[in-house]
Each structure stands twice: as C-alpha cells, then as structure tokens.
Amino acid sequence: FDPAGFCKKGDENGFRNLRAAEIKHGRVAMMAALGGVVQHFIKFPGFEAVPTGLSAVSTAPATYGFAALFLAAGALELGPWSETPSKEPGNFGDPASFGQYTTEMRQRELNNGRFAMFAAIGIISAELLTGKDAVEQLGF
C-alpha cells in the first residue's frame, strides 16, 4: 500500500530505508508520548525548577540535558545502532534477552509506533495551541 508512490516497485533498498525510518520515528514517538506524560509527575534531582512541556527544552539546565541526549543518540546511530544490509530494518536483536523478538512483536512495535507518531504530534500541537502540557490538557 503506497498511494503516494514513495517506494518504487522493486526498489528493495528504498523500501528498507523507508521502513528503518518508520521504525526509528515510531520508537522516538513512543518515548516522546510517554515522556510528555511522565515529565508532569517526575522531576530528576537538579531539574525541579524546569517547567513541564515543550518549554523545558529552552530552559537551563534542561537545555544541557537535551544536548547530551542529542549527542548520545547521534553516537548510537553512527555506532552500534547503525543499519546493516544483513539484517532487517530496525533489527537490533533482543538486547535485554526477554525472548520477545518475534514477528508478532515486530508488527506490534510497527503499529504502536505509527499510533505514537499521531499521539506525539497531537500532544505537541495541543500544547502549542493551549500552552498546557500533556497532563494539563486532560484537566488534571
């Protein structure tokens, strides 16, 4: 199913790149949606004065934490988490040895990631419109 024609028929390399991007964006969106809710309730030591929501990124010391997170993610992307043609896109095995790296769990991850991309953009859009973080939008 590709109504926009992003992936040309028979272009396996192009499909692999798009699938890897979809999985990565889904994983980031799942963490973003969860983080949007959790940051309302949990503050790390030294970050008590940092506001919740998107304004945290532009407030020190959260700015330094964001920069460190950005650099760490970049290092992982270029190093141990880089894609290889010998494995399927997004396949980093079962690092925690839970025994859950199955086809069914891969499909669940893909579908949950797709949903999380909509959830994250909804949380961000609503916060930009109302000025309330993810939990405040629910009336809490």
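Biologist: Before we look at pairs such as E77 and K24, what counts as a salt bridge here?

Modeller: Happy to start there. The term covers a side-chain nitrogen of Lys or Arg and a carboxyl oxygen of Asp or Glu. Please keep in mind that this is a predicted model. The cut-off between the two atoms is within 4 Å.

Biologist: Thanks! Which residue forms a salt bridge with E77, and how far apart are the closest N and O atoms?

Modeller: E77 lies in helix α2 and its partner in helix α1, so the pair ties together parts that are 53 residues apart in sequence. E77 is partly exposed, at 32% relative accessible area, and the partner is also partly exposed, at 27%. That partner is K24, with the closest N and O atoms 2.8 Å apart.

Biologist: Good to know. What is the overall secondary structure of the chain?

Modeller: The chain has 3 helices and 0 strands. Its C-alpha atoms fill a box of roughly 50 × 35 × 25 Å along the principal axes. Read along the sequence, the pattern is α-α-α.

Biologist: Which residue does E22 pair with in a salt bridge?

Modeller: The closest N and O atoms of this salt bridge are 2.5 Å apart. E22 sits in helix α1 and its partner in helix α3 (residues 103–130), so the bridge ties together parts that are 92 residues apart in sequence. The partner counts as partly exposed, at 32% relative accessibility. The residue you are after is R114.

Biologist: And R106, is that residue buried or exposed?

Modeller: R106 forms a salt bridge with E88, the closest N and O atoms being 3.7 Å apart. The pair links helix α3, where R106 lies, with the loop between α2 and α3, where E88 lies, 18 residues apart. E88 is partly exposed, at 39%. With a relative accessibility of 12%, under the 20% limit, R106 counts as buried.

Biologist: Which residues are joined into one network by salt bridges that share partners?

Modeller: The structure holds 7 salt bridges. Those that share partners give one network, made up of R27, E88, R106 and E109.

Biologist: Where is the cis peptide bond?

Modeller: Look in the loop between α1 and α2 (62–78), the place of P61. The omega angle there is near 5°. The cis bond runs from A60 to P61.

Biologist: A56 is in the loop between α1 and α2 as well; which residues is A56 in contact with, leaving aside neighbours within four places in sequence?

Modeller: A56 has a relative accessible area of 10%, so this loop residue is buried. G36 is 20 residues away in sequence and 11 Å away in space, C-alpha to C-alpha. The contacts of A56 are V50, P51, A62 and T63.

Biologist: Which residues form the nonpolar patch on the surface?

Modeller: One member, M31, is in helix α1 (residues 12–41). M31 is exposed, because a relative accessible area of 58% is over the 50% limit. Together the patch has about 590 Å² of accessible area, and the residues are M31, L34, V37, V38, F41 and I42.

Biologist: Last one, what percentage of the 140 residues counts as buried?

Modeller: The accessible surface of the chain is about 10100 Å², with 68% belonging to carbon and sulfur atoms. Among contacts between residues at least 6 apart in sequence, 55% join residues at least 24 apart. The buried share of the 140 residues is 17%.

Note on methods. Residues numbered from 1 in each chain as written. Predicted model: local features only at pLDDT ≥ 70, side-chain atom pairs only at ≥ 80, totals over all residues. Heavy atoms only, no water. Patch = residues over 30% accessible without salt bridge, like charges linked within 9 Å, V, L, I, M, F, W, Y side chains within 5 Å. Areas by Shrake-Rupley, 256 points an atom, 1.4 Å probe, with all protein chains shown as cover. Helix = DSSP H or I, 4+ residues; strand = E, 2+ residues; numbered from the N terminus. Buried < 20%, exposed > 50% of the residue type's maximum accessible area, 1.4 Å probe, protein only. Contact = heavy atoms within 4.5 Å.
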